[in-house]
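Colleague: I would like a close look at one part of this protein, namely the cross-links between side chains and the strands that carry or flank them. Please take me through it slowly, with the burial of each residue alongside its partners.

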Amino acid sequence: MLRHGIPLLLAMSGALVCCAAAGGQRLCSAAQGPCCSQLASSLHQISIRTSARCSSAITNVLLDNQATNYAVTSVGGSRDAAIVVSPLSLSGANAEGRLLCLTVRPPCTDTGLLFAGQPLSGVTYAVMESGNNAC
């Protein structure tokens, strides 16, 4: 698993929060090690940090306007949670520009609350390749 503090491109529109997925060199390059090589060919999962308070406020996740599987899990012993979207069935090459959207209910339409106090430019997320290898 790769942990990133790379900004997601986010836009708020009512109760819909969207981000453009990063792919290719923006995700990581094969020169960074075997995990990046695997990730380039098989982007299986993304986990986005959220506040535990918002775990029940997320009602739907869309990838390119199609409903996709997700779960919200607690992060051991903290006030944070993770929105885990999987399987993505993407690669580093075809992930670029794909649109991932979360449908949320108040009060979590406030992005500061939704993303555990992080500004939009610093939302934390992690990605995993299909072998579920932690990298």
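To set the scene before you turn to that part, what percentage of the 135 residues in the protein is buried?

Modeller: Buried residues make up 45% of the 135 residues, and I should say at once that this is a predicted model, so that every value here is computed from it. The protein has four helices and ten strands, which follow one another from the N terminus in the order β-β-β-α-α-β-β-β-β-β-α-β-α-β. Among the contacts with a separation of 6 or more, 75% are between residues 24 or more positions apart, and the cross-links you ask about can be read against that background.

I begin with the disulfide, of which a search of the whole structure finds one. It is formed by cysteine 54 and cysteine 108, whose sulfur atoms are 2.0 Å apart, and it links distant parts of the chain, since cysteine 54 sits in the loop between strand E4 (43–51) and strand E5 (58–63), while cysteine 108 sits in the loop between strand E9 (99–104) and helix H4 (111–114), 54 residues away. The angle about the S-S bond is -95°, and the link is left-handed. Although both cysteines lie in loops, cysteine 54 has a relative accessibility of 0% and therefore counts as buried, and cysteine 108, with a relative accessible area of 1%, is buried too.

The strands that border these loops also pair with each other, for E5 and E9 run antiparallel and are joined by five bridges. Within that pairing, valine 61 has leucine 102 in E9 as its bridge partner. E5 is also joined to E6, again in antiparallel fashion, by two bridges, and here leucine 62 stands opposite alanine 67 in E6. In a regular strand, side chains alternate between the two faces of the sheet. The hairpin of E5 and E6 has two residues between its strands, and in it aspartate 64 takes a positive phi near 50°.

Aspartate 64 brings us to the salt bridges, of which the search finds two. Its partner is arginine 98, with the closest N and O atoms 2.3 Å apart. Because aspartate 64 lies in the loop between E5 and strand E6 (66–67) and arginine 98 in the loop between helix H3 (92–95) and E9, the pair ties together parts that are 34 residues apart in sequence. Aspartate 64, at 33% relative accessibility, is partly exposed, and arginine 98, at 24%, is likewise partly exposed.

The other salt bridge joins aspartate 80 to arginine 49, the closest N and O atoms being 2.8 Å apart. This pair also links distant parts of the chain, with aspartate 80 in strand E8 (residues 80–85) and arginine 49 in strand E4, 31 residues apart. Here the two ends fall into separate classes, because buried means under 20% relative accessible area: aspartate 80, at 17%, is buried, whereas arginine 49, at 26%, is partly exposed.

Strand E4 also holds glutamine 45, which is buried, with a relative accessible area of 15%. Leaving aside neighbours within four places in sequence, glutamine 45 is in contact with Val84, Val85, Ser86, Leu88, Ala126, Val127 and Met128.

Definitions and conventions
Residues are numbered from 1 along each chain as its sequence is written. This is a predicted model: local features need pLDDT of at least 70, side-chain atom pairs count only at pLDDT 80 or more; totals for chains, interfaces and linings use all residues. Side-chain values use heavy atoms; hydrogens and water are left out. A disulfide is a pair of cysteine sulfur atoms within 2.5 Å. Buried means under 20% relative accessible area, exposed over 50%, partly exposed in between (1.4 Å probe, protein chains only). A salt bridge is a side-chain nitrogen of Lys or Arg within 4 Å of a carboxyl oxygen of Asp or Glu. Contact means heavy atoms within 4.5 Å. Two strands pair if DSSP finds at least two bridges between them.
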